[in-house]
There are 2 protein chains.
Amino acid sequence: MAPADIQQNVHRLFSEYLEHGGHRKTPERFAILREIYAVDGHFDIELLYGRMQQTKCQVSRATLYNTMDLLLDARLVRKHQFGTTQAQFEKAQIRGQHDHVICDGCGKVQEFCDPRIQNVRNTVSEVLGFRVSHHALHIHGICADCQKKSNERTKAARAAVQP
Amino acid sequence: MAPADIQQNVHRLFSEYLEHGGHRKTPERFAILREIYAVDGHFDIELLYGRMQQTKCQVSRATLYNTMDLLLDARLVRKHQFGTTQAQFEKAQIRGQHDHVICDGCGKVQEFCDPRIQNVRNTVSEVLGFRVSHHALHIHGICADCQKKSNERTKAARAAVQP
DNA sequence: GTTTATGCAAAGGCTTTGCATTTCA
DNA sequence: TGAAATGCAAAGCCTTTGCATAAAC
């Protein structure tokens, strides 16, 4: 789907959601949605606030938080807590279900997909009678880059001791 | 392992960790470790603070936070962010690797194990050259109890409309 | 005797809330 | 017109920090 089509599509979905829920269709809400779908990857409220400040629709943080709740409920946005206190978000349409690999060395977040997770979800659903809505799998560790840097430092340290 | 043995074991592990890292072996640190291993399931800082207040070693919140960092580094405690801002913790020894099912209705957290996750970890490790240290799989949704309650409310509402 | 840890209180950062003003329906 | 959303600032909550005191080594 082309970017313009995606924007059009999520606009329609949000519009339907607001109408169905008895919420008002304010320009702020659609401007926020548009900006979110213009961002690549993850973002936090502060980044979104900064970007909105540079548009002609300069919304307040309070409105951002309110609107995020609506978008989460509408399933147009996903929320993450990658171990820090501040929440991270990402657009939910377009990109399918995926999980996250988090480097505890440099903080980099990579995405990956594994169909086996779906099997685990199904099992939980069956065994516990749980109605699964979504999941989050975070794999923590050290990325290849950081491992490499760490090795180089070790070598350098050895060289310094035994020149 | 009997509870007393576990206490003895983690005490020893922490003692070794502190010694190796050049940290001091204060009574507060061991009292906190002991209290953590006396708690069942998950807890947050506030709950731990409350429990410590009732012992003869009444540590400050600052010391709790400091000590949690050490215990996390020593791998004697695990930290979780179950979607809320405040961090949840649990003891890391005894209980093996497990994952969490979180009810977004009542907030209840259940645990489960699924060996298939290990396969996913291995794949990430192989494909990305990532050195995996740990993971967290959170499955969100509505638990059986909340589904039941929701159904009852729907029935009651129907009965009220059509008596 | 040094250096590190503790405890208190204050500051910090992210998020929520209260209330006057504006705006959508 | 009436109810709901916005924006601002203040308050809230969890967490971190600075500094004097106390304790480990």
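1. Contacts to the bases. In this predicted model, the side chain of B:Arg24 places an N or O atom 3.2 Å from a base nitrogen of DNA strand D. In chain A, a polar side-chain atom of A:Arg24 lies 3.1 Å from a base oxygen of DNA strand C. The base atom involved is thus named in each case: a nitrogen for B:Arg24, an oxygen for A:Arg24.

2. Contacts to the phosphates of DNA strand D. B:Lys25 takes part through its backbone, where a polar atom is 3.0 Å from a phosphate oxygen of the strand. B:Gln86 uses its side chain instead, with a polar atom 2.6 Å from a phosphate oxygen of DNA strand D.

3. Contacts to the phosphates of DNA strand C. Here the residues belong to chain A. A backbone N or O atom of A:Lys25 lies 3.2 Å from a phosphate oxygen of DNA strand C. The side chain of A:Gln86 has an N or O atom 2.6 Å from a phosphate oxygen of DNA strand C.

4. Surroundings of DNA strand D. The strand is surrounded by 17 residues, and the closest come from both chains: A:Arg24, A:Thr63, B:Tyr65, B:Gln86 and B:Ala87. By class, the surface near DNA strand D has 6 nonpolar, 6 polar and 5 charged residues. Helix H2 (27–36) and helix H4 (61–73) of chain A, and helix H4 (61–73) of chain B, each supply at least two residues of that surface. Of the DNA strand D atoms within 4 Å of the protein, 69% are in sugar or phosphate, and the rest are in bases.

5. Surroundings of DNA strand C. There are 17 residues around this strand, and those that come nearest are A:Tyr65, A:Gln86, B:Arg24, B:Thr26 and B:Thr63. Sugar and phosphate make up 75% of the strand's atoms that come within 4 Å of the protein. H4 of chain A, along with helix H2 (27–36) and H4 of chain B, each supply at least two residues of the surface near DNA strand C. That surface divides into 6 nonpolar, 6 polar and 5 charged residues.

6. Extent of the protein interface. Contact between the two chains involves 36 residues of chain A and 36 residues of chain B. About 3000 Å² is buried between chain A and chain B, with 62% of it on carbon and sulfur atoms. The rule finds 12 residue pairs in polar contact across this interface. On the side of chain A that touches chain B, at least two residues each come from strand E3 (99–103), strand E4 (109–112), helix H5 (116–128), strand E5 (131–142) and helix H6 (144–161). E5(A) gives the most, with 12 residues. The residues on this side of chain A comprise 16 nonpolar, 15 polar and 5 charged.

7. Strand pairing between chains. E5(A) and strand E5 (residues 131–142) of chain B run antiparallel and are joined by 11 bridges. One of the pairings is A:His134, whose bridge partner in E5(B) is B:His140.

8. Salt bridges. Over all chains the count comes to 12, yet across the interface of chain A and chain B the rule finds 0. One salt bridge within chain A joins A:Glu16 and A:Arg12, with their closest N and O atoms 3.2 Å apart. A:Glu16 and A:Arg12 are 4 residues apart in helix H1 (residues 3–21) of chain A, so about one helical turn separates them. Side chains of opposite charge can pair when their charged atoms come close.

How values were computed
Residues numbered from 1 in each chain as written. Chains lettered and ligands numbered in written order. Predicted model: local features only at pLDDT ≥ 70, side-chain atom pairs only at ≥ 80, totals over all residues. Heavy atoms only, no water. Near = heavy atom within 4 Å. Polar contact = N/O pair within 3.5 Å; in protein donor to acceptor, adjacent residues only side chain to side chain. Nonpolar A, V, L, I, M, F, W, Y, C, P; charged D, E, K, R; others polar. Contact = heavy atoms within 4.5 Å. Buried area = accessible area lost by both parts, 1.4 Å probe. Salt bridge = Lys/Arg side-chain N within 4 Å of Asp/Glu carboxyl O. Pairing = 2+ DSSP bridges.
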